[in-house]
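Q: Please take a close look at one part of this structure, the cysteines and the nonpolar core around them. Then set that part against the salt bridges and the chain as a whole.

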Amino acid sequence: MAKPADTRTAGRKSAPKATRSAAETEKIRAALAARRDELRAEYDRTLSEITELQRDRLTDSAGDDQADTGTKTFEREQEISLANSILERITQVERALERLDEGGYGWCERCGNPIPVERLAAFPSATLCVTCKQLAERR
């Protein structure tokens, strides 16, 4: 799978970035770190459940027909997909923490404009403003 081009500097306007206070930065950092920790706990629980279900399936598979085997395979793939989704969200939050440290948190990676506070409140790890996100989804 090809890696997308680095958009952090491409097309960025030189909008002056307002500085946030140390207290605001720490509040954001604490909220992001708490979310990351929640997601890691959820990921660990999910992996534990997958392992336990796999163990149960191995001991309880005698006499399974093709439909049973297919159902178990489908369920396992769903569980793994859920775990991967949680892992992706962890990565997004960690990236937001990196951006906070670098001073780029709250600024669109594509155009350099500020990301609205409402968007960051709803999706704290957002890296694109609403306009750039809409353009990216159309592609």
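A: What follows starts with the overall layout, goes on to the cysteines and the core, and ends with the charged pairs.

The model is predicted, so local features need pLDDT of at least 70 and side-chain atom pairs count only at pLDDT 80 or more, while totals for chains, interfaces and linings use all residues. Residues are numbered from 1 along each chain as its sequence is written, and side-chain values use heavy atoms, with hydrogens and water left out.

The protein chain has 4 helices and 0 strands, in the order α-α-α-α from the N terminus. Helices (H or I, at least four residues) and strands (E, at least two) are DSSP runs, numbered from the N terminus. Of the 139 residues, 26% count as buried; buried means under 20% relative accessible area, exposed over 50%, and partly exposed in between (1.4 Å probe, protein chains only). The chain exposes about 9700 Å², with carbon and sulfur atoms supplying 54% of that area. These areas come from the Shrake-Rupley method with a 1.4 Å probe, and for residues only the protein chains shown count as cover. Among contacts (heavy atoms within 4.5 Å) with a separation of 6 or more, 60% join residues 24 or more positions apart.

Now the cysteines. A search of the whole structure finds 0 disulfides, a disulfide being a pair of cysteine sulfur atoms within 2.5 Å. For C108, the nearest cysteine sulfur is that of C132, 3.6 Å away, and C108 is in no disulfide. C129 is in no disulfide either, and its nearest cysteine sulfur is also that of C132, at 3.6 Å. Both residues are buried: C108 has a relative accessible area of 0%, and C129 has 7%. Leaving aside residues up to four places away in sequence, C129 touches C108, C111, P114, I115 and R119.

C108, C129 and C132 recur in the largest nonpolar core, which has 20 residues; together with L32 and Y105, they are the members with the most contacts inside it. Such a core is a set of buried Ala, Val, Leu, Ile, Met, Phe, Trp, Tyr and Cys residues joined through side-chain atoms within 4.5 Å. Helix 1 and helix 2 each supply at least two residues of this core, and the largest share, 7 residues, comes from helix 2.

The charged pairs come next. There are 10 salt bridges, each a side-chain nitrogen of Lys or Arg within 4 Å of a carboxyl oxygen of Asp or Glu. In one of them, D101 pairs with R29, with the closest N and O atoms 2.3 Å apart. D101 lies in helix 2 (residues 66-102) and R29 in helix 1 (residues 22-59), so this pair ties together parts that are 72 residues apart in sequence. D101 is exposed at 55% relative accessibility, whereas R29 is partly exposed at 23%.

Two further pairs each lie within one helix. In helix 1, R35 and E38 are 3 residues apart, about one helical turn, and their closest N and O atoms are 3.2 Å apart. R35 is partly exposed at 34%, as is E38 at 46%. In helix 2, E98 and R95 are likewise 3 residues apart, with 3.4 Å between the closest N and O atoms; E98 is partly exposed at 42%. This pair belongs to a network of salt bridges that links R95, E98, R99, E102 and E109.
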